[in-house]
Amino acid sequence: MRYFIIKRLLIIIMLSGCTDILINDEQYNSIYLNGGGWVQFQGQDLENYLNNDFSIQFWISGDTDTSNNSKALMTILDDNDEIILGLFRNTSIDDSINIYLNNELVSTIQNDELNWSATTFNLITLSSSNNIIKLHINKTETFSSDIFNLTLNSSDLIFGAKVNSTQTIATNFWTGYFDE
């Protein structure tokens, strides 16, 4: 019984301590990021999953934002704080995603289904198989590259910001909803 009470208390403390990323909205059961929070997965936990063939899939919606900062959907930075892999909202084209591989912009994907200024969910799928990386938006393949070898080492996977493992860099915060 004591374990159950402690567990419930910890859950309540965690939820009340993360009020900047959770929203009490009857319409959505999602995490809302309002330009200052992110979801982080530790590199040592991911290394076995993302170094070979994998798929990452998530639902995301944008929201009105007045910043000129390119908002990060997802990022992985190396130990030198350079982008191994990054998906960013393009600030010049509202219905597009910039793809960064090995710290270089490799493609800007424009898709009419994307509208980052509205609360419309989009299914984003990033997959890697035999060193070929692919991006799907709402189940449609929009990008493929066979020149990429993903080596994570101990890099963290971040949703909603560009953040390094030591959290000394935290920029490009997303504004909108995330869901699994």
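This note goes through the sheet, the hairpins, the core and the enclosed spaces of a predicted model.

1. **The open sheet.** Six strands make up an open sheet. Their order is β2-β11-β4-β5-β6-β7, and the pairing is antiparallel. β2 and β7 (104-110) are the edge strands, each pairing on one side only. From one strand to the next, the twist averages 15 degrees.

2. **β5 with β6.** Within this sheet, β5 and β6 are joined by five bridges in the antiparallel sense. Use Phe88 to find the register: Asn98 in β6 stands opposite Phe88. As general background, strands of a sheet pair through backbone hydrogen bonds, either parallel or antiparallel.

3. **The β8-β9 hairpin.** β8 and β9 run antiparallel and share six bridges. Ser129 has Ile132 in β9 as its bridge partner. Two residues lie between the strands of this hairpin. Asn130 takes a positive phi there, near 55 degrees.

4. **The β9-β10 hairpin.** β9 also pairs with β10 (residues 140-145), in the antiparallel sense, over five bridges. His136 faces Glu141 in β10 as its opposite residue. Two residues separate β9 from β10 in this hairpin. The turn contains Asn138, with a positive phi of about 50 degrees. An asparagine with positive phi is thus found in the hairpin of β8 and β9, and another in the hairpin of β9 and β10.

5. **The nonpolar core.** The largest nonpolar core has 29 residues. Phe58, Leu73, Ile124 and Leu135 have the most contacts inside it. The elements giving two or more residues are α2, β3, β4 (72-77), β5, β6, β8 (122-129), β9 and β11. β3 provides the largest share of this core, four residues. In soluble globular proteins, nonpolar side chains tend to be buried together.

6. **The cavity.** How many cavities of 30 Å³ or more does the structure hold? There is one. The largest cavity has about 40 Å³ of space. Its lining consists of Leu85, Leu87, Ile99, Leu101, Leu126, Ile133, Lys134, Leu135 and Phe143. By class, eight of these lining residues are nonpolar, none is polar and one is charged. β5 (83-89), β6 (96-101) and β9 (132-137) each supply at least two of the lining residues. β9 has the largest share, with three residues. Leu135 belongs to this lining, and Leu135 is also among the residues with the most contacts inside the largest nonpolar core.

7. **The pocket.** The largest pocket has a volume of about 350 Å³. Its lining has 15 residues. Which of them lie nearest the centre of the pocket? They are Val39, Phe41, Phe159, Asp179 and Glu180. Two or more lining residues come from each of β2 (39-41), α2 (43-50), β3 (54-60), β11 (157-159) and β14 (175-179). The lining divides into ten nonpolar, three polar and two charged residues.

8. **Elements with several roles.** β3 gives the most to the pocket lining, three residues, and also has the largest share of the largest nonpolar core. β2, an edge strand of the open sheet, gives two or more residues to the pocket lining. β11 is a strand of the open sheet and contributes two or more residues to that pocket lining and to the core. β9 pairs with β8 and with β10, and has the largest share of the cavity lining.

Notes
Residues are numbered from 1 along each chain as its sequence is written. This is a predicted model: local features need pLDDT of at least 70, side-chain atom pairs count only at pLDDT 80 or more; totals for chains, interfaces and linings use all residues. Side-chain values use heavy atoms; hydrogens and water are left out. On a 1 Å grid over the protein atoms alone, a cavity is a set of points where a 1.4 Å probe fits but cannot get out, and a pocket is an open set with protein on both sides within 12 Å along at least five of seven lines; lining residues have an atom within 4 Å of a point. Grid points are joined across faces, edges and corners, and a volume is the space filled by probe spheres set on the points. Ala, Val, Leu, Ile, Met, Phe, Trp, Tyr, Cys and Pro count as nonpolar, Asp, Glu, Lys and Arg as charged, and the others, Gly among them, as polar. Two strands pair if DSSP finds at least two bridges between them. Axes are lines fitted to C-alpha atoms, for helices over the stretch in contact, and angles run from 0 to 180 degrees between N-to-C directions. A nonpolar core is a set of buried Ala, Val, Leu, Ile, Met, Phe, Trp, Tyr and Cys residues joined through side-chain atoms within 4.5 Å. Buried means under 20% relative accessible area, exposed over 50%, partly exposed in between (1.4 Å probe, protein chains only).
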